[in-house]
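The following exercises concern the architecture of a protein and the surroundings of its ligand. Please examine the sequence and the structure before reading the solutions.

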Amino acid sequence: MSAEEFEVVYLGTRPCAEGVASFRFSRPEGYSFTPGQFFALTLTTNDGVESKFFSHADAPADAAIELTTRLSGSAFKSALVDLPRGATVTLSGPRGRLGVPEGADSIGFLTGGVGITPAHSIIRDAMQRSSGLDIALIYGNRDESCIPYGEEFRGYAEAGTLLYVETLDHPGVDWHGESGFITADLVRRHVAEPAGRPWIVAGPPPMVDAMKRVVADLGLPSESVSYELFAGYGPNG
Ligand SMILES: Cc1cc2nc3c(=O)[nH]c(=O)nc-3n(C[C@H](O)[C@H](O)[C@H](O)COP(=O)(O)OP(=O)(O)OC[C@H]3O[C@@H](n4cnc5c(N)ncnc54)[C@H](O)[C@@H]3O)c2cc1C
């Protein structure tokens, strides 16, 4: 399906500390997407009219469209933060081909921070539909103050429906999970046969570059790994 333009209503935001927040918009009539796809959002900013891409963080059956992003202080992000509830903005989508490969019965994700958005959409959709997809999520964040969707993922892990590994670069003293960056060794310790499933890597350029090294260290066949580069974030992510 090619991208079409829709008017959507801004419904509200949910902050996640450390300058990361989720923003919700009404789901327009006639709009459908596949988990993993993204859309363009157009806002009037202090620098003029600007459009930016965001992966769907919501699942298709959710009541609202959701994006999760870093509040960088850019003109676009300031306009997003300043949107009054009830404002109408333009969304164009769906776009992209990222998703669970056709016929796959398992999938793995290597991601961190705001790069979680397509994984969240795919995982939430699989859980809502009880699809039985065998999912491994390896998820890195800076510290406990903001692990986007972490509580939801822990719930799935406790229910036995998600192999969930969270690791922090700067864990606090009470942290009982993994610490440090995602490495091939960390993946091997948790996932029995990493080469036995397709993988998805998504996020800002520094995250994707780091995960490419992990993919190489794991010796994953290149055709089994899909990438979504959040182009637009700078070299520092
Ligand atoms: C397919 C796709 C999916 C995406 N999905 C998401 C998503 O789910 N969530 C998300 O947050 N983003 C996503 N993005 C990226 C998004 O479109 C934006 O590019 C990103 O959020 C950065 O926008 P910004 O307004 O914060 O930064 P911009 O103002 O566009 O700046 C870009 C970068 O340059 C840096 N920068 C800006 N000004 C300066 C300066 N003067 N000096 C030095 N550095 C500077 C900023 O820190 C920033 O990292 C996606 C992109 C693509 C292509």
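Three exercises with worked solutions follow, all based on a predicted model.

**Exercise 1.** Determine how the radius of gyration of the protein stands against the globule rule.

*Solution.* Begin with the secondary structure: the protein has five helices and twelve strands. The radius of gyration is 17 Å, and the globule rule gives 18 Å for 237 residues; because the two values are close, the protein is as compact as a globular protein of that length. Next, consider the extent along the principal axes, where the C-alpha atoms fill a box of roughly 50 × 40 × 30 Å. Finally, buried residues account for 36% of the 237 residues.

**Exercise 2.** Describe the open sheet of six strands and identify its edge strands.

*Solution.* The strand order is 10-9-8-7-11-12, and the pairing is parallel. Strand 10 (178–179) and strand 12 (225–229) each pair on one side only, so they are the edge strands by definition. Within the sheet, strand 8 (residues 134–141) and strand 9 (residues 163–168) run parallel and are joined by six bridges. Y139 stands opposite E166 of strand 9.

**Exercise 3.** Explain why the ligand lies between domain 1 and domain 2.

*Solution.* The shell around the ligand comprises 22 residues, of which T69, S72, S74, G232 and G234 come nearest. Strand 4 (48–55), strand 5 (64–70) and helix 1 (75–82) each give two or more residues to this shell. By character, the shell divides into nine nonpolar, nine polar and four charged residues. Domain 1 (4–95) and domain 2 (106–229) both contribute residues to the shell, and therefore the ligand lies between them.

Key. Residues numbered from 1 in each chain as written. Predicted model: local features only at pLDDT ≥ 70, side-chain atom pairs only at ≥ 80, totals over all residues. Near = placed C-beta within 6 Å. Helix = DSSP H or I, 4+ residues; strand = E, 2+ residues; numbered from the N terminus. Nonpolar A, V, L, I, M, F, W, Y, C, P; charged D, E, K, R; others polar. Domains from an automatic or database assignment. Rg over C-alpha atoms; globule rule 2.2 N^0.38 Å. Buried ≥ 20, exposed ≤ 12 C-beta atoms within 10 Å, placed from the backbone. Pairing = 2+ DSSP bridges.
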